[in-house]
Amino acid sequence: MYRYILKRVLLLIPVLLSVIFVVFFIMSLTPTDAAEVILGNDGTPESLARLRQELGLDKPLLVQYVNYVRNLLKGDMGTSYRSGLSISEQIFDKLPNTMILACSAVLIAVLIGIPAGIISAKKQYTAFDNTVTFVALIGAAVPGFWMGLMGVLLFSVKLGWLPAARMGKTLPLLLKSLILPAFTVSTNTCAMITRQTRSSMLEVIKQDYIDTARSKGVKESVVTFRHMLSNALIPIITVIGLQIGVLLGGSVITENVFAWPGIGKYVVDSITNRDTPAVLGCVVVISVLFSLANLCVDLLYAFVDPRIKSQYSK
Amino acid sequence: MGTLLEIKDLVIHFEMDDGVVHALNGVDLTIHEGETLGLVGETGAGKTTLAKGIMGLTPRPPGKIKSGEILYEDRNLLTLNDQEIREIRGRHISMIFQDPMTSLNPVMTVGDQIAEVIETHDRISKQDARRKAEEMMEMVGISCERYPEYAHQFSGGMKQRIVIAIALACNPKLLIADEPTTALDVTIQAQVLEMMSRLKSTRNTAMLLITHDLGIVAQNCDHVAILYAGKVIEYGTVRQVFKQHLHPYTKGLLGSIPSLIEDVERLTSIEGLMPDPVNLPQGCAFSPRCAHAMERCFCEAPPLYLMEDGHSVRCFLCEHSSKEA
Ligand SMILES: Nc1ncnc2c1ncn2[C@@H]1O[C@H](COP(=O)(O)OP(=O)(O)OP(=O)(O)O)[C@@H](O)[C@H]1O
Ligand SMILES: [Mg+2]
């Protein structure tokens, strides 16, 4: 098992190196000239050339790549072309905000989605099930920003209960400002978790071991959780893990709608500012988080399903 | 021997979109304390439906219990509430399902699955339940060191032993075994059956042994009931049914087992197929395949005729030899 974990962590290294290379290559294709971005209109041809040399932009792409990775290992992602601030500091400033948003959204989605999916499956084809299936379909289909805007219209503009934008500074204000964006982000995730829970529960419900469990005379709640849910968990965990991975990359649209100072907003701002190293830094961090989320899911499998665990230890 | 379980006129249908499956159409059956009753029938005859019906595990929907009573120690199991039926399951009546490969929970240790039924019914601590579960494992011939292992680490025969340990852990009065050995290979079959009958006789457990293997019936059962299209068409002691069978269907069934002693030219098998339970024929369900069918067999369903010696048959041919006649 530990060898398996180690192997998986080591495997992350080539994955990340390739991701960085691809991003590097794509960025080099854009016609943005960093020196022009930094100096703006005041740049003379000589000063521009000098700056390019200082930044190492005149070197071949591969050399730039190696230099970037070498700096990255020291935790240095360069400085922003616009603000001149350290990019790693900027990112780690914003990352917690995104994490708060992502984690609360996933928490909401899990707390609503899993029970809804379970009840729906156990009462298949009843009015409750049909309603849940319909609502989940809408939740999966409606774009997040529309939900967000509608929420703002209703709860901020009309009712005035919740702030329309910006993150609160104190804990109560923070929680209050979190409600709208968190529910907005969780809509899609919640719909996906509900649908996945329902379908994998339906798969498990008709298995023979459920009859065995019932024939022992155990309570229906025990049958549901100990025997059904624990067997239905693998696909549910997969969906949750993927969603955490995606959301940790910042919900670009929601963060912009609610002016939430997270990494999603930062990446959009950096793109509009043509701030290449900032964008690159964001992509690197996002891909690390995404890979880690996936790794966690894979490791969780082993705890949920002994059959998978025995494959890992081989 | 006292009566343990009495089924009266049990009718179970499955209401599907494309028609009603008449799985059980008025089953009457009695199981005595400590005896083994064999239930024999072709595939689709309704054997599993009957077994699950007794356990209160008929899937509803689509299943529907149209009428009947299942009397266990004078209580009708069909009218019990959820909690009362849970107290019966596992403690008084337990069941072994058809396929051992899929009857164990894959993510729970086998030991815990045995201990679970003990904890449910006996008011004892977790450690005591574990100790008792380990004893049960030893009793079915599996080392208790394997308590923390999972179903995928066991062979089919061993899984069935675990299932048997679960079923017998609380000393039930009735064990329903739905084709307990069909999925196992022949040598293991014999071992498992031998173990089951040993355990059942030491504990005086009655057993409803469902099978379509007449050899198993001959070796293990006291009484036999033959089920055809959801009705019992012949019931009697093993001797009566094997030596003095009265129903043409039973005769056909027995004719289809190869015999080593008698030198038969070729095996007789019954012409045709069991009728589709969605469209049962009017009259006797066996009439379309019966060589002795008379005109009335096609329009009138025969009742169960009881003979002097307790043997009973659902066939007009026996009308005159029955007790009432
Ligand atoms: N859940 C269900 N839904 C619909 N029809 C069912 C269901 N369970 C059983 N049936 C139908 O009821 C009839 C009797 O089935 P049952 O499983 O009792 O047969 P069986 O005698 O156990 O057969 P086998 O020897 O193959 O196990 C069959 O026609 C079957 O299709
Ligand atoms: Mg069956």
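A polar contact is a pair of N or O atoms within 3.5 Å. In this predicted model, a backbone N or O atom of B:Gly46 lies 3.0 Å from an oxygen atom of ligand 1, which puts the pair inside that limit because the cut-off is 3.5 Å. The points below cover the surroundings of ligand 1, the magnesium ion (ligand 2) and the residue B:His13.

**Polar contacts of ligand 1**

- The side chain of B:Lys47 has an N or O atom 2.7 Å from an oxygen atom of ligand 1.
- For B:Glu179, a side-chain N or O atom is 3.0 Å from an oxygen atom of ligand 1.
- Ligand 1 taken alone exposes 630 Å², and 71% of that is buried by the protein.

**The shell around ligand 1**

- Three elements of chain B give two or more residues each to this shell: β1 (3-16), β2 (19-32) and α1 (47-55).
- Helix α1(B) provides the largest share, three residues.
- There are 17 residues around ligand 1, and those that come nearest are B:Thr43, B:Lys47, B:Thr48, B:Thr49 and B:Gln98.
- Sorted by class, the shell holds eight nonpolar, six polar and three charged residues.

**The magnesium ion (ligand 2)**

- The protein donors of the magnesium ion are OG1 of B:Thr48 and OE1 of B:Gln98, at 1.8 to 2.6 Å from it.
- B:Thr48 belongs to helix α1 of chain B, while B:Gln98 sits in the loop between β6 (93-96) and α3 (110-121) of chain B, so the two donors tie together parts that are 50 residues apart in sequence.
- B:Thr48 has a relative accessible area of 24% and is therefore partly exposed, since that class runs from 20% to 50%.
- B:Gln98 is also partly exposed, with a relative accessibility of 34%.
- Both B:Thr48 and B:Gln98 are also among the residues that come nearest to ligand 1.

**B:His13**

- B:His13 is part of strand β1 of chain B, an element that gives two or more residues to the shell around ligand 1.
- Its relative accessibility of 11% makes B:His13 buried, because the limit for that class is under 20%.
- The side chains of B:His13 and B:His22 make a polar contact at 3.2 Å.
- Beyond its neighbours within four places in sequence, B:His13 is in contact with B:Val20, B:Val21, B:His22, B:Ala23, B:Leu24 and B:Asn25, and also with B:Pro62, B:Gly63, B:Lys64 and B:Lys66.

Note on methods: Residues numbered from 1 in each chain as written. Chains lettered and ligands numbered in written order. Predicted model: local features only at pLDDT ≥ 70, side-chain atom pairs only at ≥ 80, totals over all residues. Heavy atoms only, no water. Near = heavy atom within 4 Å. Polar contact = N/O pair within 3.5 Å; in protein donor to acceptor, adjacent residues only side chain to side chain. Areas by Shrake-Rupley, 256 points an atom, 1.4 Å probe, with all protein chains shown as cover. Helix = DSSP H or I, 4+ residues; strand = E, 2+ residues; numbered from the N terminus. Nonpolar A, V, L, I, M, F, W, Y, C, P; charged D, E, K, R; others polar. Donors = N, O, S within 2.8 Å, 3.2 Å for Na, K, Ca; no water. Buried < 20%, exposed > 50% of the residue type's maximum accessible area, 1.4 Å probe, protein only. Contact = heavy atoms within 4.5 Å.
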